[in-house]
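Let us walk through this structure one part at a time. Keep the sequence beside you as you read.

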Amino acid sequence: MSSQTITADAAGAWKLGDLPVHRLGYGAMRLTGSAAFHHGTPSDRERSLAVLRKAIDLGVNHIDTAAFYFSSLRSANELINTALGPYPDDLVIVTKVGPYRTYDGEWGTSARPEDLRGHVEENLRQLGRDHLDVVNLRRMPKYDSIAEHFGVLAELREAGLIRHLGISGVEPRHLAEAQAIAPVVCVQNRYALDRPDPVTDEVLRICGEQGIAFVPFYAVAGESGEHGATTAHDEQVRAVARDHGASPAQIRLAWTLHQGPHVLAIPGTGNPGHLAENVAAGAIRLTDEELDRLGAPRQRAGATG
């Protein structure tokens, strides 16, 4: 398939609270280097700026980022601010707080509730904003409950520093816990075609019933996670890709978007060509038969897991 003229609106739209976005967005994690965080080598600055501007040209109006997305030379938030500020009126920037990285790039102690205001203010400074459109609380394994942390973000929302709240890395009980405190507009969990997860499947279902955006991460990377896109594609993925004249990564994205009208995709890349391919995946329409073929291994793994 040709990706030259396909823009993000081909994937359709959803809302993060009262903020409309195209369902095919962009994840900024890979802007800073050849792999996420302290892995790989730092990116070329001008190329990263060009990727961001190309995303906007292709109609992307939902960017996912975080202050802890940085390499030894690059900060995703700084790149976004430089490339896109002053920001387009329809651009929605979503960030997340909770995890913490020290200045040398290693993971530090996860945020305590009293740390969160500082994390929010750091994102505000780096992005050059007076408020954040959406802030996700990334649940940290050391905390079984998210109530205290989420309560702090709810207070910052009341104070006008945050417009909408989301949660990440959660189970259904955490969603209910957060909703007892403040509205939740999105849930961001790890989710991929080749990664069966009954708990996240249930979160996906609940979000659909309640009209909450479900935003999977590592949908293309699969088990490779932060190290980059997987090359371990199932033969059915490759076969459907051939039938559509598409890449396996595009089929993985298309499958993700087909999991419900409330599902948003945020593939990340530092490559302008890959960016255009990712956006073009929003125009792929899979048949029920293709969806069954693609999902069969996942269903089998779930049944035996």
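**Inside the core**

Start at Ile80. Leaving aside residues up to four places away in sequence, Ile80 touches Ala28, Leu31, Leu52, Ile63, Thr65, Gly85, Tyr87, Ile93 and Leu127. Keep in mind that this model is predicted.

Ile80 belongs to the largest nonpolar core, which has 84 residues. Ile80, Leu153 and Ile167 are the residues with the most contacts inside that core. A general tendency fits here: in soluble globular proteins, nonpolar side chains tend to be buried together.

Another core lies apart from the largest one. This other core has 12 residues, including Leu19, Cys186, Leu264 and Ile266.

Now turn to a pocket. The second largest pocket holds about 290 Å³ of space. Its lining is made up of 16 residues. Closest to the pocket's centre are Ala67, Phe70, Tyr100, Arg101 and Glu122. Two elements give two or more residues to this lining: strand 5 (92–97) and helix 3 (116–127). Helix 3 gives the most, with four residues. What kinds of residues make up the lining of the second largest pocket? Seven are nonpolar, six are polar and three are charged.

Finish with a hairpin. Strand 1 covers residues 13–16, and strand 2 covers residues 19–22. The two strands run antiparallel, joined by four bridges. One pairing is easy to find: Ala13 has His22 in strand 2 as its bridge partner. Two residues sit between the strands of this hairpin. Look at Gly17 there: Gly17 takes a positive phi near 65 degrees.

Definitions and conventions. Residues numbered from 1 in each chain as written. Predicted model: local features only at pLDDT ≥ 70, side-chain atom pairs only at ≥ 80, totals over all residues. Heavy atoms only, no water. Core = buried A, V, L, I, M, F, W, Y, C linked by side-chain atoms within 4.5 Å. Buried < 20%, exposed > 50% of the residue type's maximum accessible area, 1.4 Å probe, protein only. Contact = heavy atoms within 4.5 Å. 1 Å grid on protein atoms, 1.4 Å probe; cavity = no way out; pocket = protein on both sides within 12 Å on 5 of 7 lines; lining within 4 Å. Points joined across faces, edges and corners; volume = space filled by probe spheres on them. Nonpolar A, V, L, I, M, F, W, Y, C, P; charged D, E, K, R; others polar. Pairing = 2+ DSSP bridges.
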